[in-house]
Amino acid sequence: NIKIDLFFLLRKLGGHRLPMSIKKPIGDLLLLKGSFFDQRETMISDLLKLTKEVQGNVVECGVYHADTTIAMAKTLNELKSDKIIYGIDYFDALPYDDNDFPFKQKGLIKKKLTPNKSKYQISIKTVQDKIDACNLTNIKLIKGLVEDVLPKMKEQNFSFVNVDVNSYHATKFCLEFFKSKMSNDGIIFLDDYNQVGWQGAT
């Protein structure tokens, strides 16, 4: 069994604590068995189900191989939902490297960095082909930095957001953008929470 620390959830409930209707499903999810990735996809899909009646589309910031994106799309189909998942990713590489952030100095300093093409490089065509092979039509991939893409979506509200961007700067930008864009009872899921390898994002 793999022990999972509860991934950080932000739920727009006017500042109130999570109700038991949410706490109980989350508690059950912590008892899941299996691989870390299986657990993560199951947790995200089950949390997505809690937003079935919440207005707004779904966003995933950080797609990579689209395993989570595909799992969410299948969940929406099971729910007979007409919501669209916007999958935003730089695709060519990780556009930031948190190793260059001066953590021990005065706070975390925002800094754009040269993309590191040696890691996490995958083409948007490869990801789209994978999605097409699953016969999913409710995913729209968008190539670019979250800082460039999200402002173009500022007129929308969202029901569920998965933030998996692996860096401090991009995570901070996502939270600042989505905090006023979530529908009531919408959920923000921080995939990198408490992950040692992505300390800047946590």
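Strands here are DSSP runs of E, at least two residues long, numbered from the N terminus. By that rule, S159 lies in strand β5. The model is a predicted one.

## Overall layout

The protein has six helices and six strands. From the N terminus, their order is β-α-α-β-α-β-α-β-α-β-α-β. The chain holds 202 residues, and 46% of them count as buried. The accessible surface is about 11,200 Å². Carbon and sulfur atoms supply 52% of that area.

Contacts reach across the sequence. Take the pairs that are at least 6 residues apart: 77% of these contacts join residues at least 24 apart.

## S159 and its surroundings

Is S159 buried or exposed? Its relative accessibility is 0%, and buried means under 20%, so S159 counts as buried.

Which residues surround S159, once neighbours within four places in sequence are set aside? The contacts are T51, V54, Q55, G56, N57, V58, K83, M182, G186 and I187. With K83 there is a polar contact, side chain to side chain, at 3.2 Å. K52 sits 107 residues away from S159 along the chain, yet their C-alpha atoms are separated by 8.4 Å.

## The β5–β6 pair

Strand β5 covers residues 158–163. Its partner β6 spans residues 182–190. The two run parallel and are joined by five bridges. Between them the chain passes through helix α6, residues 168–178, and this β-α-β crossover is right-handed. Within the pair, V163 of the one strand stands opposite L190 in β6.

Strand β6 is mostly covered, with seven of its nine residues buried. In a regular strand, side chains alternate between the two faces of the sheet.

## Nonpolar cores

The largest nonpolar core has 22 residues. V127, I131, I139 and F160 have the most contacts inside it. Several elements give two or more residues to this core: α2 (36–49), α3, α4 (124–133), β4 (139–143) and β6.

I139 shows the local packing. Not counting residues up to four places away in sequence, I139 touches T69, I70, A73, I85 and I131. Another core, of 20 residues, lies apart from the one that holds I139. Its members include Y86, I88, V146 and M153.

## Positive phi in the β2–α3 loop

Two residues stand out by backbone angle. Y64 has a positive phi although it is not a glycine. A66 likewise has a positive phi and is a residue other than glycine. Y64 is found in the loop between β2 (57–61) and α3 (67–78). A66 is placed in the loop between β2 and α3 as well.

| Residue | Phi | Relative accessible area | State |
|---|---|---|---|
| Y64 | about 50 degrees | 34% | partly exposed |
| A66 | near 70 degrees | 0% | buried |

Why is Y64 classed as partly exposed? Its relative accessible area is 34%, and the class lies between the cut-offs of 20% and 50%, so Y64 falls inside it. A66, at 0%, is under the 20% limit and therefore counts as buried.

How values were computed. Residues numbered from 1 in each chain as written. Predicted model: local features only at pLDDT ≥ 70, side-chain atom pairs only at ≥ 80, totals over all residues. Heavy atoms only, no water. Buried < 20%, exposed > 50% of the residue type's maximum accessible area, 1.4 Å probe, protein only. Helix = DSSP H or I, 4+ residues; strand = E, 2+ residues; numbered from the N terminus. Pairing = 2+ DSSP bridges. Right-handed = clockwise from strand over helix to strand, strands pointing away. Contact = heavy atoms within 4.5 Å. Polar contact = N/O pair within 3.5 Å; in protein donor to acceptor, adjacent residues only side chain to side chain. Areas by Shrake-Rupley, 256 points an atom, 1.4 Å probe, with all protein chains shown as cover. Core = buried A, V, L, I, M, F, W, Y, C linked by side-chain atoms within 4.5 Å.
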